[in-house]
Every structure is written in structure tokens, then in C-alpha cells.
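Here is a friendly walk through one protein model, meant to be read with the structure open beside you. Take a moment to turn the model around before you read on.

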Amino acid sequence: ALFVFGFGAVAALALGRPQHMIHTVLTYCGFIYILLDSIWIFSAPKIVKSPGMVGTHHVASLLVLLDPLLTPSHRVYTSA
């Protein structure tokens with residue numbers, strides 16, 4: 001919960017500034033967080049109730065985050 005609150009608070013700093021560097025930082029941090037969480041879940045699937053659903057959600061999230069990673073002008077959407 002603290003991570004999500006912190007992520008939202010940092011995103012609020014960049015409101016109204018689409019070219020702000022914080023969008024890039026949040027995009028990369030979000031991608032890395034989901035990637036590491038995916039590795040953890042796939043290596044120890046018993047830590048979650050439905051590893052298949054959580055894993056599918058994580059893969060979909062990583063695919064969605066590829067757009068802002070590959071298209072810098074879309075990084076503002078990670079913070080929105």
C-alpha cells in the first residue's frame with residue numbers, strides 16, 4: 001500500500017507537465033516492479049491464491065507498459 005501511495009504522490013508532482021522526467025522514472029519503476037513481482041510469483045506460486053490469474057495479469061501489465069517504454073511521449077499515461 002505504501003508503494004502505491006508513493007507512486008501516486010510522485011505522479012502528482014508531474015501533473016500538467018507531460019515532458020517531466022518523473023514520467024520516465026515512474027514508467028521504468030513500474031515495469032521493473034511488475035517484472036520482479038512476476039519472477040517472485042513464478043518461482044514461488046504458493047504465495048498467492050491464484051498464481052495463474054496473477055501471472056496472467058502481470059504479463060498483460062508488462063505488455064501494456066511496453067508502449068510507454070518504447071514511445072517516450074506516451075510515458076505521461078503511466079502517471080495518469
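How many residues has α3, and how far does α3 reach from its first C-alpha to its last? Helix α3 has 20 residues and reaches 28 Å between those two atoms, close to the 28 Å expected at 1.5 Å a residue. The expected span is 1.5 Å times one less than the number of residues in the helix.

Some ground rules will help. This is a predicted model, in which local features need pLDDT of at least 70 and side-chain atom pairs count only at pLDDT 80 or more, while totals for chains, interfaces and linings use all residues. Residues are numbered from 1 along each chain as its sequence is written, and side-chain values use heavy atoms, with hydrogens and water left out.

**The overall picture**

The protein has four helices and zero strands, and its pattern along the sequence reads α-α-α-α. Helices (H or I, at least four residues) and strands (E, at least two) are DSSP runs, numbered from the N terminus. Of the 80 residues, 29% count as buried; buried means under 20% relative accessible area, exposed means over 50%, and partly exposed lies in between (1.4 Å probe, protein chains only). Among the contacts with a separation of 6 or more, residues 24 or more positions apart account for 51%, where contact means heavy atoms within 4.5 Å. The protein exposes about 5,500 Å², and carbon and sulfur atoms supply 76% of that area. These accessible areas come from the Shrake-Rupley method with a 1.4 Å probe, and for residues only the protein chains shown count as cover.

**Helix α2 and its buried residues**

Helix α2 covers residues 21-43. The 23 residues of α2 should span 33 Å at 1.5 Å a residue, and the end C-alpha atoms are 33 Å apart, so the two values agree. Buried residues in α2 are I22, H23, T24, L26, T27, G30, F31, I34, D37, S38 and I41.

T27 is a good place to zoom in. Is T27 buried or exposed? T27 counts as buried because its relative accessible area is 0%. Not counting residues up to four places away in sequence, T27 touches P68, L69, R75 and T78.

**The core shared with α3**

Which residues make up the largest nonpolar core? They are F31, I34, L62, L65 and L69, five residues in total. Such a core is a set of buried Ala, Val, Leu, Ile, Met, Phe, Trp, Tyr and Cys residues joined through side-chain atoms within 4.5 Å. Both α2 and α3 (51-70) supply at least two residues of this core, and α3 gives the most, with three residues. F31 is in contact with L62, L65, L66 and L69, leaving aside neighbours within four places in sequence.

In α3, the buried residues are G55, H58, S61, L62, L65, P68 and L69. These buried residues pack against α2 and α4 (76-79).

**Four spots to click on**

The table pairs four residues with partners elsewhere along the chain.

| Residue | Place | Relative accessible area | Partner and chain separation | C-alpha distance |
|---|---|---|---|---|
| L35 | helix α2 | 36% | H58, 23 residues apart | 7.7 Å |
| G30 | helix α2 | 11% | T78, 48 residues apart | 8.4 Å |
| P51 | helix α3 | 29% | S38, 13 residues apart | 9.8 Å |
| P72 | loop between α3 and α4 | 52% | T27, 45 residues apart | 9.6 Å |

G30 counts as buried because its relative accessibility is 11%. P72 counts as exposed because its value is 52%. L35 is partly exposed at 36%, and P51 is partly exposed at 29%.

**A nonpolar patch on the surface**

Now look at the outside of the model. Y28, I32, L35, L36 and I39 make a nonpolar surface patch of about 470 Å². I39, one of these residues, lies in helix α2, and L35 also lies in helix α2. Patches are made of residues with over 30% relative accessible area and no salt bridge; like charges are joined within 9 Å, and nonpolar side chains (Val, Leu, Ile, Met, Phe, Trp, Tyr) within 5 Å. A salt bridge is a side-chain nitrogen of Lys or Arg within 4 Å of a carboxyl oxygen of Asp or Glu.
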